[in-house]
Amino acid sequence: MLPADIPAVHELEVRLFPVDAWPLQMFWDELMQLETRRYFVAEAPDGIVGYAGLMCVEPIADVQTIAVVPEYEGRGIGTALLIDLIAEGRRRGAADILLEVRADNPRAQQLYIRFGFEQIHVRKRYYRDGVDALIMRLQLEDVLAVHQDIAHDAEPQPEQTDEAGRAGETAPMEADQK
């Protein structure tokens, strides 16, 4: 994600998470923390269709957000973004990756379970609308083979990101959950 992407990403954020949307300034603040953050976008011919971000303060990485527009769900974009986040966590030396997922989003939960995340806690009424958050953890030390198999089995294969971190036109998505 580049600074120029922030207005479009924020527009999607408000659309996808109307109750819990991040303020515009939060995206600017997150993107400027290069030492601990990394954000990606997925693009299609009609613009940005997904985005994801990771914070890493060793030994823990935390998925800050991951989202895909509904029209592009089921095409592997969420999978591609999650692969990028896991690779970034590993690159930054994380031992574990944590995330929160809405208890009422089984599609996102299944994506995370496929990658080896396990539920470790519940935060009651975490979201503004009163829905619980499931806290999930991926231990990276023994999981490399699991997400490599998923990446190789996905059809079509996602394209590699460029130096700026843009996912480009990736294979499509499975989850639209922060």
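**Exercise 1. Is E71 buried, partly exposed or exposed?**

Start by finding the residue in this predicted model. E71 sits in the loop that links strand 3 to helix 3. Next, take its relative accessibility, which is 45%. Buried would need a value under 20%, and exposed a value over 50%. E71 therefore counts as partly exposed.

Now look across to V49. Along the sequence, E71 and V49 are 22 residues apart. In space, their C-alpha atoms are 8.5 Å apart.

**Exercise 2. Work out the order of helices and strands along the chain.**

Count the elements before ordering them: there are 5 helices and 6 strands. Then walk from the N terminus and write down each element as you meet it. You should get α-α-β-β-β-α-β-α-β-β-α.

For a feel of the chain as a whole, add some totals. The chain has 178 residues, and 52% of them are buried. Its accessible surface comes to about 8,600 Å², with 51% of that belonging to carbon and sulfur atoms. Finally, take the contacts between residues at least 6 apart in sequence: 66% of these join residues at least 24 apart.

**Exercise 3. Describe how helix 1 and helix 2 pack.**

A packed pair of helices is described by an angle and a distance between the axes. Helix 1 covers residues 6-16 and helix 2 covers residues 24-31. Their axes come within 9 Å and cross at roughly 130 degrees. Since 130 falls between the perpendicular range, 65 to 115, and the antiparallel cut-off, over 145, helix 1 is oblique to helix 2.

Which residues touch? Helix 1 brings I6, V9, H10 and E13, while helix 2 brings L24, F27, W28 and L31. As for handedness, helix 1 passes helix 2 in a right-handed crossing.

**Exercise 4. Do the same for helix 3 and helix 4.**

Mark out helix 3 at residues 77-91 and helix 4 at residues 106-114. The angle between them is about 45 degrees, and the axes are 11 Å apart. Roughly parallel would call for an angle under 35 degrees, and roughly perpendicular starts at 65. Helix 3 and helix 4 are therefore oblique to each other.

On the helix 3 side, the contact is made by G78, T79 and L82. On the helix 4 side, L111, Y112 and R114 make the contact. The crossing of helix 3 past helix 4 is right-handed.

**Exercise 5. Find the residues with the most contacts inside the largest nonpolar core, then follow one of them.**

The largest nonpolar core has 46 residues. Inside this core, Y51, I97, Y112 and F117 have the most contacts.

Let's follow F117. Set aside its neighbours within four places in sequence, and F117 is in contact with L82, I86, I97, L99, Y112, M136, R137 and L138. Two names on that list have come up before: L82 and Y112 also take part in the contact between helix 3 and helix 4.

For another buried residue, try Y39 in strand 1, residues 37-44. Its relative accessible area is 3%, so Y39 is buried. The C-alpha atoms of Y39 and Q64 are separated by 9.1 Å, with the two positions 25 residues apart along the chain.

**Exercise 6. Pick out the unusual backbone geometry at P59 and R125.**

First, recall the usual case: most residues other than glycine have a negative phi, and most peptide bonds are trans.

Go to P59, in the loop between strand 2 (47-57) and strand 3 (60-68). The peptide bond from E58 to P59 is cis, with omega near 10 degrees.

Then go to R125, in the loop between strand 5 (118-123) and strand 6 (133-139). R125 isn't a glycine, yet its phi is positive, about 50 degrees. Its relative accessibility is 62%, so R125 counts as exposed.

**Exercise 7. Which residues does D129 touch?**

D129 lies in the loop between strand 5 and strand 6. At 41% relative accessibility, D129 counts as partly exposed. Leave out residues up to four places away in sequence, and D129 touches V19 and R102.

Check the V19 pairing by distance. D129 and V19 are 110 residues apart in sequence, but 7.0 Å apart from C-alpha to C-alpha.

Technical notes:
Residues are numbered from 1 along each chain as its sequence is written. This is a predicted model: local features need pLDDT of at least 70, side-chain atom pairs count only at pLDDT 80 or more; totals for chains, interfaces and linings use all residues. Side-chain values use heavy atoms; hydrogens and water are left out. Helices (H or I, at least four residues) and strands (E, at least two) are DSSP runs, numbered from the N terminus. Buried means under 20% relative accessible area, exposed over 50%, partly exposed in between (1.4 Å probe, protein chains only). Contact means heavy atoms within 4.5 Å. Accessible areas come from the Shrake-Rupley method with a 1.4 Å probe; for residues, only the protein chains shown count as cover. A nonpolar core is a set of buried Ala, Val, Leu, Ile, Met, Phe, Trp, Tyr and Cys residues joined through side-chain atoms within 4.5 Å. Axes are lines fitted to C-alpha atoms, for helices over the stretch in contact, and angles run from 0 to 180 degrees between N-to-C directions. A crossing is left-handed if the near helix is turned anticlockwise from the far one by less than a right angle, and right-handed if clockwise.
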